[in-house]
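Please study the sequence and the model shown below before attempting the exercises. Each task is followed by a worked solution.

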Amino acid sequence: MNLVAAVPITGAVKDELGNPLSGVTVQVLGKNVGTITDDNGHFSLEASSSDSLQFTYIGYQTKHIIVGTETRIDVTLEANAGSLNQVEIVAFGEQKKATVTGAIASIGTAELKQSPSANLKVSLAGRLPGLTVIQNGGEPGVDQTQLYLRGRGTLNGQAPLVLVDGIERDISYLDPNEVKNVTILKDASATALFGVKGANGVVLVTTRRGEAGKPEISLTQEFGIQSFTKTPDDVDAYTWAQLKNEAWRNDNPGAAPNDPTNQPPYSADALQHFKSQDNPQAYPDHNWLQELTHKYVPMERVNLNMSGGGGFARYFVNVGYLYQGGLWKTDPDLDYDARAFLRRYSFRANIDATLDKKKTLTTFLNVAGYLDDQNKPGKDNYGNGGTYALLNTLFQKWPSVQPGPTTPDGEVLIGDGNYGQSPWAMINRTGYQKNTGDNVTATWGLEKDFSSLTKGLTARFVGSFDTRTVYSLSARRDYERWVQFIDPNTPAANGGDSVMYLQTMTNFINTPLSTSTSATFQSHTQLQFFLNYARDFGKHAVTGMLMANQESWIRNGERLPFHLRGLATRLTYGYDERYNIEFDAGYNGSEQFRKGNRYGLFPAISAGWVASNESFLKGNKAISFLKLRGSYGIVGNDQLGDQRFLYLDDISVGTGGFTSNLGEGHVVNEDYLGNPDLKWEIAKKGNIGLELGLFDQLNLTVDLFTERRNNVLINRGTIPTLIGQPSSSLPPINLGRIENHGYEINLKYEKIISHDFTVLANLNYNYARNKILFVDEAPKPDDYAYRYRMTGYEIGQIWGYITNDGYYQSQEQIDNSGLDFEIGKTPRPGDLIIKDLNGDKVIDEKDIAPIRHSTVPRHTWGAALSVNYKGFDLSALFQGHFDVGSGTNSFAWEWYDFRDYHKNAWTAERAANGEKVTFPALSQTQSFSEFGNTFFAENTSYVRLKSLEIGYTLPERLSRKLGTSHIRIYLNGLNLFTWDKMKFNSYDPELASQDTYPIQRIFNSGININF
């Protein structure tokens, strides 16, 4: 081909559903050459290899393609977000936005890449109405992120079904550069096709695919730093010792000043040494958090992808690398690597090909691989160590007064009693743990167009095979434990108190590394067969789908594979782009249940009315879109726990017993009674939705939903003891009932002020509240203030004592209260006043009441804002949770360590002076105040600046001079600022507890170069 002369170029333009688009303007940029596609979407013009073609059409995104060596260019245009032509991903297919009758929501790759998170789940937080994302930890390589769709509706498996390109897969390790969009399916109409797996909602992830045209290469390089969002506020050693003495005085109010056997933990001389730091070896002042953790550690991501193809083959190939450092400081003299970090290597190739000239036979192959290399400190040969123990010790049981971390000879120093484990040693003297996980996913499909038989008929086959193997190397070692003694009566060489060291726990010795290995394996195989039909008859549009499905899992530790099979169907009818009705059904069989009881039908029906296409609204300048829709259906849930075959009895042969009737001392044990009537849970779901577009700029979506979950699997609570069987051997039954209801509001505003100035705002607000109707809970006696602990309340309701009347100010007030105290402790002056809710003059468990809220929020919201001006772009995402709480925050207690808020604990002097009091009277052990109550139950509601990004794109002219087609540089961040109402500000409100690896704040920079 002549690279200078113009040659004929032909092609076709289609929408995302494959329908031809007529009237598309095709223009050669910079030249007075152009044309318009015909009724079949075809076009022809002349252009040279260096020319760029521009495709524009109302309601669709403009597209540019460089001609290169191609003489035929086929193009797929994507509808603008919010456009009636926009294609939405639905279960096993696609539909135009205007015809969708179910409750769905989606986001694209642009929004996902604004978050530098290493976990794709975290990038979804605050983005989609109805989706709650809770990040329960930030340890590199450990997925502790929970997803909930429309709250919780069951006591059993609550996670939504997650599919990647139609196959059930984990998404935590997906590279956001691989992802085209993420869609959530929320109501019965959208999820009925999944039958027994759809009751908790569905998350659909669609990966990117290649398009015909010149190869496009994109390189992205990112580098960032990360730190904890929040950590405990430690106090200095002098303050710590003062507070310890204060706790002693509260516990020993009558101690004589000269009693030689009962003195405060720290003498006046010791306090002075802590304050002056004149002898730091004997009286240290450590900030262990600073000494054992880095303030910032690096994070790096590199991504390279290429896409393109011709008329008969298209490809998208992506490779990625991620490094995420851990925050532990390790001893530089170690001869092994105990650092905490994650290295992830990823690869994906999505290939599409047309196998015949008539383009009636197509095939695709998706292959992806992920290799995780996770490293962290290990455990000693006695099992001491690990992330949980390390955090628990560092944050709670390793105070600033603790000497160390080693003796002058390098041996590990520990404390006495509860301070017998050293976090420094857990990092540097226990060895290391290395987990290498490789995940391979493969999907192949073949599709045949049978329009020669009848227009609109296609058949499709899909087969997939996934494996995940994790190899674990555990390198362990032990170490000697030493303690420090101070002799104030024997001066040291420097004149201070002498210090001695003594080995303790002599069964622990220093050992070299000893290694052991283990491996886990799991696989998933799936076969799908589809018959699809789609055809328009004038104003009538009809579609149909029939799918057969067979799945098999081999899970780690299981000898027998898991199986699921079923059928699914979808039928839709639309009239004149105004009225749409859809019927969906799934018919599934699960081996969790006995033969004859394994299959169930899960139908749903939905309808929509596009009122804006009626004559009385068509062309209305104010109301650009108006649709009403509703759905009702039944969906199932077979996530019934880890135990299999609950319908079978579990019989074993053991030894001993009252009589040995099998000889040789053997007996038959009935360990577990099976339940042959076991079934799946049934969720009856209803949804009403409104979609309103105003002035082609403002779009409002409102959904109201309700759900009734029946057949919830529970353990009986009202079994009489006369049955003669231990409760542990009785089978669970399908008796539970739970209801859930709520609403979702999504408001989107998009304004194109000029060709180089756009503004976008996307806000969503969501409410979901559940109620347990029946769990066969035995009521407590009549004299309990609250007779039920589950029935009538939310899942995860927190319970405790009510303590909102302040503190006991004197012993006289306690004596005159007329109360008896039977919770294991009696109050002292300065303890919290607990309410006698049942009025029996006794404080005991009968006064326990519901406090705070559930650990999953009722209210969630997100607000995404973005501005593009010339080459600059700015985006921000705020998100938050309301009406959510945590159980009793035992980490606020002062038994082991002190925090900043303990400095204003109750004392008689502080109370008499009217000073601020923020904590009950301190104690050296658990006090009357420190039983689960409202004072220690945290309000974990928060508002967070989840992400912020600013970028600049170089002018196209300058990019081309540099040999590229596009260059963008940017800065972004994750979890930047958090506003909350937590009383004890020691850990992030999103964490379940303080001994979880803290959530990371990330500051990130990057550059994207396209060729």
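The exercises below proceed from the whole chain to single residues.

This is a predicted model, in which local features need pLDDT of at least 70 and side-chain atom pairs count only at pLDDT 80 or more, while totals for chains, interfaces and linings use all residues. Residues are numbered from 1 along each chain as its sequence is written, and side-chain values use heavy atoms, with hydrogens and water left out.

**Exercise 1. The whole chain**

Task: Determine how the radius of gyration of the chain compares with that of a compact globule of 1011 residues.

Solution. Step 1: The radius of gyration is taken over C-alpha atoms, and the globule rule is 2.2 Å times the number of residues to the power 0.38. Step 2: For 1011 residues the rule gives a value near 30 Å. Step 3: The chain has 33 Å, which agrees with a compact globule.

Further description: along the principal axes, the C-alpha atoms fill a box of roughly 105 × 75 × 65 Å. The chain contains eleven helices and 49 strands; helices (H or I, at least four residues) and strands (E, at least two) are DSSP runs, numbered from the N terminus. Buried residues, meaning those under 20% relative accessible area (exposed is over 50%, partly exposed in between; 1.4 Å probe, protein chains only), make up 52% of the chain. A contact means heavy atoms within 4.5 Å. Of the contacts with a separation of 6 or more, 70% are between residues 24 or more positions apart.

**Exercise 2. Helix α4**

Task: Check whether the length of α4 is as expected, and state whether the helix is largely enclosed or open.

Solution. Step 1: The expected span of a helix is 1.5 Å times one less than its number of residues. Step 2: For the 15 residues of α4 this gives 21 Å, and the end C-alpha atoms are 21 Å apart, so the two values agree. Step 3: Eleven of the 15 residues are buried, so α4 is largely enclosed by the rest of the structure. Step 4: The buried residues include W240, L243, A247 and W248, and α5 is part of what covers the buried residues of α4. Step 5: At the N-terminal end, D236 caps α4, with a side-chain oxygen 3.1 Å from the backbone nitrogen of Y238. This is a polar contact, that is, a pair of N or O atoms within 3.5 Å; within protein, one must be able to donate a hydrogen and the other to accept it, and residues adjacent in sequence count only if both atoms are side-chain atoms.

**Exercise 3. The nonpolar cores**

Task: Identify the residues with the most contacts inside the largest nonpolar core.

Solution. Step 1: A nonpolar core is a set of buried Ala, Val, Leu, Ile, Met, Phe, Trp, Tyr and Cys residues joined through side-chain atoms within 4.5 Å. Step 2: The largest such core has 31 residues, and Y266, F919 and F936 have the most contacts inside it. Step 3: At least two residues of this core come from each of α4 (237-251) and α5 (268-276). Step 4: The largest share, five residues, is that of α4. Step 5: Another core, of 23 residues, lies apart from it and includes A105, L147, L149 and V179. In soluble globular proteins, nonpolar side chains tend to be buried together.

**Exercise 4. Unusual backbone angles**

Task: State where D776 and D883 lie, and whether each is buried or partly exposed.

Solution. Step 1: D776 has a positive phi of about 55° although it is not a glycine. Step 2: D776 belongs to the loop between β38 (757-774) and β39 (798-800), and is buried at 7% relative accessible area. Step 3: D883 also has a positive phi, near 50°. Step 4: D883 sits in the loop between β44 (872-882) and β45 (885-888), and at 26% relative accessibility is partly exposed. Step 5: For the peptide bond from G404 to P405, the form is cis, with omega near 15°.

**Exercise 5. The surroundings of T803**

Task: Find which side chain forms a polar contact with that of T803.

Solution. Step 1: T803 is in the loop between β39 and α9 (811-815), and is buried with a relative accessible area of 6%. Step 2: The side chains of T803 and T934 are joined by a polar contact of 2.8 Å. Step 3: A polar atom of the T803 side chain also lies 3.3 Å from the backbone nitrogen of F935.
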